[in-house]
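Colleague: I am new to this one and would like to know how each label was earned. Could you walk me through it?

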Amino acid sequence: MSSSPSATDSSPIADPAPLSLCARMPHVPADRLVAEMVPPPRFDSVRFSTYIPDPNQPSQTEAVQILESFAAGLGGAHAVGGGRRGFLGFGKAKAARTPAGPRGVYLDGGYGVGKTHLLASLWHATPAEPALKAFGTFVELTNLVGALGFQQTVQTLSGHRLLCIDEFELDDPGDTVLVSTLLGKLVDAGVALAATSNTLPGKLGEGRFAAADFLREIQGLSARFRPLRIDGEDYRHRGLPEAPAPFPKEQVTRTAHATPGASLDGFPELLDHLAKVHPSRYGALTDGVRAVCLTDVQPVPDQSTALRLVVLADRLYDREVPVLASGLPFDRLFSEEMLNGGYRKKYFRAISRLTALARDAKGLTESD
């Protein structure tokens with residue numbers, strides 16, 4: 001594809017040329033992967049004090065109180081006897097492992113009730129240095145295991161005081177078993193856990209992932225979690241917002257040249273490139289990128305490609321990177337078969353997040 005405007009366009013083009021995500025092959029050291037397991041920029045400043053409970057939903061106020069107490073209880077010595085342990089947490093500290101009672105909390109609620117806000121607030125409120133706390137989505141955790149290997153991931157995280165897992169997913173039995181086994185090792189090593197879940201879209205009348213499903217799938221760990229029900233209106237029942245109309249290809253290209261730090265890539269070429277980069281590196285792929293400009297957006301051809309795009313959409317959303325595109329609107333990315341299949345919640349989330357980023361990108365064209 002060309003990164004120049006059409007021959008009939010006489011508008012001046014600023015230097016330097018736009019970045020290209022397709023030209024990047026980031027190498028991410030293991031220590032950076034773990035160091036980046038913190039609440040995303042959208043949740044940098046959230047705290048329990050900034051969560052405004054709905055006065056008509058007392059469970060929201062109760063959840064804040066319980067989580068504040070949970071965070072306070074994680075101060076002081078590590079659960080297995082203080083400080084970091086040896087490899088995999090084995091050794092003399094073994095007999096002093098996990099105290100009685102739940103060492104985990106599970107936030108059970110529909111979309112739009114502030115579960116991620118509360119989870120990030122718990123991370124911020126836990127009295128431990130950032131290096132002893134980890135925050136990531138379920139997908140990021142599975143990607144970490146894929147990048148480091150299971151044993152190295154256990155060794156790396158077992159010295160932490162708290163692991164927060166956002167959007168716990170049960171749509172892949174293999175990943176569920178993997179993460180459940182990992183969490184069992186970490187609980188034995190004294191790590192406290194907190195998790196939220198992803199609501200299945202399109203299931204009117206359900207409105208929540210359901211604590212019973214979560215606890216059943218993590219069988220051996222269920223006694224370690226205290227479910228916290230957070231009631232509230234499920235905004236996902238209102239359906240997905242309509243995606244904004246795409247821009248002409250020439251305008252996307254022109255805007256990419258005029259926007260400092262913008263990238264410019266053809267959508268099909270970017271999808272091909274994602275197959276060459278491990279998903280754990282998609283965050284690094286966007287380092288320094290202020291806006292993503294895409295031309296020729298078209299339906300995603302297959303499920304493997306679609307799942308990679310979901311991860312990229314999550315990383316762009318976490319970093320609040322606007323996306324300007326030509327071609328099809330984002331609500332036409334995935335086929336009906338995909339949207340009705342086992343990974344549908346991921347695809348609906350990607351559509352919702354890309355749509356929000358597309359709206360954010362509208363301002364880029366105003367000075368164009």
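Modeller: Let's start with one pair: Ala134 stands opposite Leu163 in E3. Please keep in mind that this is a predicted model, where local features need pLDDT of at least 70, side-chain atom pairs count only at pLDDT 80 or more, and totals for chains, interfaces and linings use all residues. Residues are numbered from 1 along each chain as its sequence is written, and side-chain values use heavy atoms, with hydrogens and water left out.

Colleague: How do you know that E2 and E3 pair, and in which sense?

Modeller: Two strands pair if DSSP finds at least two bridges between them. E2 and E3 (residues 162-168) have 5 bridges, so they meet that rule, and their sense is parallel. One of the bridges links Thr137 to Asp166 in E3. As background, strands of a sheet pair through backbone hydrogen bonds, either parallel or antiparallel.

Colleague: What makes a strand count as a strand here, and how many helices and strands are there in the protein?

Modeller: Helices (H or I, at least four residues) and strands (E, at least two) are DSSP runs, numbered from the N terminus. By that rule there are 13 helices and 8 strands.

Colleague: Which strands form the open sheet, and in what order?

Modeller: The order is E2-E3-E4-E1-E5, a sheet of 5 strands with parallel pairing. Strand E2 (133-137) and strand E5 (225-230) are called edge strands because each pairs on one side only. Neighbouring strands are turned by 15 degrees against each other on average, direction ignored. Further in, E3 and E4 run parallel and are joined by 5 bridges, with Leu162 facing its bridge partner Ala192 in E4.

Colleague: Why is E3 called largely enclosed?

Modeller: Buried means under 20% relative accessible area, exposed means over 50%, and partly exposed lies in between (1.4 Å probe, protein chains only). In E3, 7 of the 7 residues are buried, so the rest of the structure largely encloses this strand. Helix H3 (residues 115-125) is also largely enclosed, because 9 of its 11 residues are buried. Among them are Lys115, His117 and Trp123, and the cover over the buried residues of H3 includes helix H2 (58-72), strand E1 (104-109) and strand E4 (192-197). Across the whole protein, buried residues make up 50% of the 368 residues.

Colleague: What makes strand E6 mostly covered?

Modeller: For E6 (residues 262-266), 5 of 5 residues are buried. Ala262, Leu264 and Gly266 point one way and Ser263 and Asp265 the other way, all of them buried. E6 also pairs with strand E7 (residues 291-297) in the parallel sense over 5 bridges, and Gly266 has Thr295 in E7 as its bridge partner.

Colleague: Is Thr259 buried or exposed?

Modeller: Thr259 has 15% relative accessibility, so it counts as buried. Thr259 sits in the loop between helix H8 (249-258) and E6. Leaving aside residues up to four places away in sequence, Thr259 touches Ala291 and Leu364, where contact means heavy atoms within 4.5 Å.

Colleague: And Gly283, buried or exposed?

Modeller: Its relative accessible area is 5%, so Gly283 is buried. Gly283 lies in helix H10 (residues 282-285). Gly283 and Arg315 are 32 residues apart in sequence, yet 5.6 Å apart in space, C-alpha to C-alpha.

Colleague: What angle do H11 and H13 make, and what is that angle called?

Modeller: Axes are lines fitted to C-alpha atoms, for helices over the stretch in contact, and angles run from 0 to 180 degrees between N-to-C directions. Helix H11 (residues 303-318) and helix H13 (residues 344-366) pack at about 45 degrees, with axes 9 Å apart. That makes H11 oblique to H13: under 35 degrees counts as roughly parallel, over 145 as roughly antiparallel, 65 to 115 as roughly perpendicular and the rest as oblique.

Colleague: Which residues meet there, and of what classes?

Modeller: Those in H11 include Leu307 and Val310, and those in H13 include Tyr347 and Leu354. The contact has 11 nonpolar, 1 polar and 5 charged residues, where Ala, Val, Leu, Ile, Met, Phe, Trp, Tyr, Cys and Pro count as nonpolar, Asp, Glu, Lys and Arg as charged, and the others, Gly among them, as polar.
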